Amino acid sequence: MLVDIDFKDRHVFVFGGTTGINLGIADAFARRGARITVASRKAENVEAAQVRLGAHGGEVFGVCADVRDFDAVGRAFAASVERFGPIDVLVSGAAGNFLCEAKDMSANGFKVVVDIDLIGSFHVMRQAYAHLRRPGAAVINITAPQSYIPMRYQAHACAAKAGVDQLTRVLALEWGGEGIRINSISPGPIEGTEGAKRLMAPTEADQVRAAARVPLQRFGVPEDIANLALFLASPYASYISGALIPCDGGGALESVKSTLELAGQAGAS
Ligand code: COA
Ligand code: NAP
């Protein structure tokens with residue numbers, strides 16, 4: 001079930017919006033009449049997303065761009081703004097991750113995730129800035145619990161996502177006066193997505209075990225995150241800026257508890 005808020009003719013740009021959670025967000029806005037732009041690296045993902053989003057009957061524009069390429073990101077915004085006008089909602093969610101202990105991680109392995117998640121997020125917001133509707137634009141960064149919970153094998157993503165959330169807060173300070181709100185969503189494990197498969201649930205049995213550790217006893221679905229994005233982009237959230245909002249079934253609380261338990265065990269030994 002998706003919340004009922006109208007985005008008719010609003011320009012919604014979702015960077016990294018061609019698969020997974022971010023595609024679910026783009027889909028929710030498309031169902032509500034928005035003009036959608038999706039951008040990512042791979043032409044086949046961009047094309048497939050355009051077909052899926054176009055099925056809702058609205059206008060959809062797809063563009064290939066790597067968030068690591070500042071100029072390509074700028075060109076993507078210029079092309080979409082020429083087509084649909086100023087951006088009402090910007091969602092920035094391109095990311096990469098893999099599990100690897102820090103002692104085994106190559107310098108380039110660390111760098112590639114920081115380049116995509118953190119520096120890429122800066123590129124997206126910096127290049128979008130001139131094109132955001134004033135007043136009224138809403139910017140939403142898709143981050144992760146790695147931002148505030150240290151996780152083994154994810155030194156790169158933990159460092160990068162913490163940086164993204166701090167960018168959210170700084171830009172909320174700097175852009176608030178122009179009527180631009182900016183917030184972060186931190187999803188918990190979301191069923192059927194690349195992130196969940198790579199990081200915690202490669203098999204169905206793993207998913208059942210991992211879901212049992214979530215206080216609400218289930219993985220999320222993309223609609224859970226899309227509903228929060230719709231709310232944050234809507235006038236109902238007009239006094240919310242600089243916030244980091246978990247949408248995780250309470251999972252972050254459980255992880256904090258587990259981390260404390262592990263710390264207690266280490267202290268006892
Ligand atoms: N374990 C250890 N190191 C790894 C790795 C793994 N599983 N996967 C990649 N790396 C290292 C590579 O060895 C390379 O380092 P090196 O040059 O020192 O050998 C470095 O990371 C870059 O890898 P490369 O494959 O060239 O990067 P890419 O730009 O093609 O892809 C990734 C970026 C690695 C993040 C890739 O997984 C990706 O595109 N992910 C997007 C999808 C995703 O992760 N979704 C989940 C989001 S939560
Ligand atoms: P996903 O399906 O792999 O989505 C990543 C998207 O980013 C894809 O559209 C991908 O398309 C694009 N992308 C990757 N690298 C890019 C680059 N360099 N330049 C431009 N686009 C790039 O992953 P997901 O699991 O749905 O995760 C989506 C977001 O949610 C991420 O920010 C992730 O950190 C966050 N998150 C996910 C979970 C989860 O359970 N899945 C939990 C917490 C947080 P291309 O390959 O075509 O570039």
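The exercises below work through two ligand sites, the cysteines, a strand and one helix residue of a predicted model.

Local features need pLDDT of at least 70 and side-chain atom pairs count only at pLDDT 80 or more, while totals for chains, interfaces and linings use all residues. Residues are numbered from 1 along each chain as its sequence is written, chains are lettered from A and ligands numbered from 1 in the order in which they are written, and side-chain values use heavy atoms, with hydrogens and water left out.

**Exercise 1.** Describe the surroundings of ligand 1 and its polar contacts.

Step 1. The shell holds 15 residues, and Arg 68, Asn 97, Ser 106, Asn 108 and Arg 198 are the closest. A residue is near a molecule or strand if one of its heavy atoms lies within 4 Å of it.

Step 2. Sort the shell by type: five residues are nonpolar, six polar and four charged. Here Ala, Val, Leu, Ile, Met, Phe, Trp, Tyr, Cys and Pro count as nonpolar, Asp, Glu, Lys and Arg as charged, and the others, Gly among them, as polar.

Step 3. Assign the shell to helices, which are DSSP runs of H or I with at least four residues, numbered from the N terminus; strands are runs of E with at least two. Helix 4 (107-128) and helix 6 (194-199) each give at least two residues, and helix 4 has the largest share, with four.

Step 4. Look for polar contacts, that is, pairs of N or O atoms within 3.5 Å (within protein, one must be able to donate a hydrogen and the other to accept it, and residues adjacent in sequence count only if both atoms are side-chain atoms). Oxygen atoms of ligand 1 lie 2.7 Å from a side-chain N or O atom of Ser 106 and 2.8 Å from one of Arg 198. For Asn 97 a backbone N or O atom is involved, 3.0 Å from a ligand oxygen. On its own, ligand 1 has 940 Å² of accessible area, of which the protein covers 55%; such areas come from the Shrake-Rupley method with a 1.4 Å probe, and for residues only the protein chains shown count as cover.

**Exercise 2.** Do likewise for ligand 2.

Step 1. Around ligand 2 there are 30 residues, with Thr 19, Ser 40, Arg 41, Thr 193 and Gly 195 nearest. They divide into 12 nonpolar, 12 polar and six charged. Helix 1 (20-31) and helix 6 each supply at least two of them.

Step 2. Polar side-chain atoms of Ser 40 and Arg 41 lie 2.7 Å and 2.8 Å from ligand oxygen atoms. A side-chain N or O atom of Asp 66 is 2.9 Å from a ligand nitrogen. The protein buries 91% of the 880 Å² that ligand 2 exposes when taken alone.

**Exercise 3.** Why does the search of the whole structure find zero disulfides at Cys 158 and Cys 247?

Step 1. A disulfide is a pair of cysteine sulfur atoms within 2.5 Å.

Step 2. Cys 158 forms none because its closest cysteine sulfur, in Cys 100, is 13 Å away, too far for a bond. Cys 247 is likewise too far, since its closest cysteine sulfur, in Cys 158, is 20 Å away.

**Exercise 4.** Is strand 6 (residues 181-187) mostly covered or uncovered?

Step 1. Seven of its seven residues are buried, so the strand is mostly covered; buried means under 20% relative accessible area, exposed over 50%, partly exposed in between (1.4 Å probe, protein chains only).

Step 2. Arg 181, Asn 183, Ile 185 and Pro 187 point one way, and Ile 182, Ser 184 and Ser 186 the other.

Step 3. Strand 6 pairs in parallel with strand 5 (residues 138-142) over five bridges, where pairing takes at least two DSSP bridges. Asn 183 is the bridge partner of Ile 140.

**Exercise 5.** Place Leu 118.

Leu 118 belongs to helix 4 and is partly exposed at 22% relative accessibility.
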